[in-house]
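Got your viewer open? Load the model, switch to cartoon, and follow along one selection at a time.

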Amino acid sequence: MDKITLERIRLLHPAVREEAGRIYADICKAMPEGVVCRFTYTLRTNAEQDALYAQGRTKPGPVVTYAKAGESYHNYGLAIDFCLIINGKVSWDVDKNWLAVIAIFESYGWKSGHRWTKLRDSPHVEKTFGKKVAQLAATKQQYPDL
């Protein structure tokens, strides 16, 4: 198991944290030798979200998100981005191992950005409990410790 991923699971919202740990264990069992799944992002602060949003707009690099601070499920600890590390090298190629990771998440009821027809985001999965980000933002303003 990847130590970095285990640390990032601890940052998730309590409503998904334990399940994400079970999912990760299932993923580890499903990956062939030499393939490691790493969770690259879980909880993201508003400052981190704004910095990513600026990329490709006011800062160099490609656009990597269309969500400003508070508009991403990452800001509420309900989303995960991942990559595969194959024989020590990061891979963003959507292959059979990648699809296996997505299938495991989906078997637990998570939505995959890989399935989106508009603005496909293959490394992204989320469990929203039917809540829109606006609802989560309102709850966070009312109960800032949540």
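We'll start with the whole chain, then go to one helix, and end at a single arginine.

**Stop 1: the whole chain.** Keep in mind that this is a predicted model. Colour by secondary structure and you should get five helices and five strands. Walking along the sequence, the order is α-α-β-α-β-β-α-β-β-α. The radius of gyration is 15 Å, close to the 15 Å that the globule rule gives for 146 residues, so the chain is as compact as a globular protein of that length. Zoom to fit, and the C-alpha trace spans about 45 × 35 × 30 Å along its principal axes.

Now turn on the surface. The chain exposes about 8,600 Å², and carbon and sulfur atoms supply 54% of that. Buried residues come to 39% of the 146. If you draw contacts with a sequence separation of 6 or more, 59% of them are between residues 24 or more positions apart.

**Stop 2: helix α4.** Select residues 96-107. These twelve residues reach 16 Å from the first C-alpha to the last, close to the 16 Å expected at 1.5 Å a residue.

Next, show side chains. Which residues of α4 are buried? They are N97, W98, V101, I102, I104 and F105. Look down the helix axis: those buried residues fall within an arc of 160°, so they line one face of the helix. Spin round to the other side for K96 and S107, which are exposed.

What do the buried residues pack against? Add α2 (14-30) to the selection, plus the strands β1 (35-41), β2 (79-86), β3 (89-91), β4 (111-112) and β5 (124-126), and you have the elements they pack against.

Before leaving, check both ends. At the N-terminal end, D95 acts as the cap, with a side-chain oxygen 3.0 Å from the backbone nitrogen of N97. Past the other end, click on G109, which follows α4 and has a positive phi, near 90°.

**Stop 3: R44.** Jump to the loop between β1 and α3 (46-54), where R44 sits. Is this arginine buried or exposed? R44 has a relative accessible area of 4%, and the cut-off for buried is under 20%, so R44 counts as buried.

Show everything around the side chain. Leaving aside neighbours within four places in sequence, R44 is in contact with Q49, L52, S72, H74, N75 and D81. Put a distance label on the R44 and Q49 pair, too: a polar contact of 2.9 Å joins their side chains.

Terms used:
Residues are numbered from 1 along each chain as its sequence is written. This is a predicted model: local features need pLDDT of at least 70, side-chain atom pairs count only at pLDDT 80 or more; totals for chains, interfaces and linings use all residues. Side-chain values use heavy atoms; hydrogens and water are left out. Helices (H or I, at least four residues) and strands (E, at least two) are DSSP runs, numbered from the N terminus. The expected span of a helix is 1.5 Å times one less than its number of residues. Buried means under 20% relative accessible area, exposed over 50%, partly exposed in between (1.4 Å probe, protein chains only). The arc is that of the directions from the helix axis to the C-beta atoms. Contact means heavy atoms within 4.5 Å. A polar contact is a pair of N or O atoms within 3.5 Å; within protein, one must be able to donate a hydrogen and the other to accept it, and residues adjacent in sequence count only if both atoms are side-chain atoms. The radius of gyration is taken over C-alpha atoms; the globule rule is 2.2 Å times the number of residues to the power 0.38. Accessible areas come from the Shrake-Rupley method with a 1.4 Å probe; for residues, only the protein chains shown count as cover.
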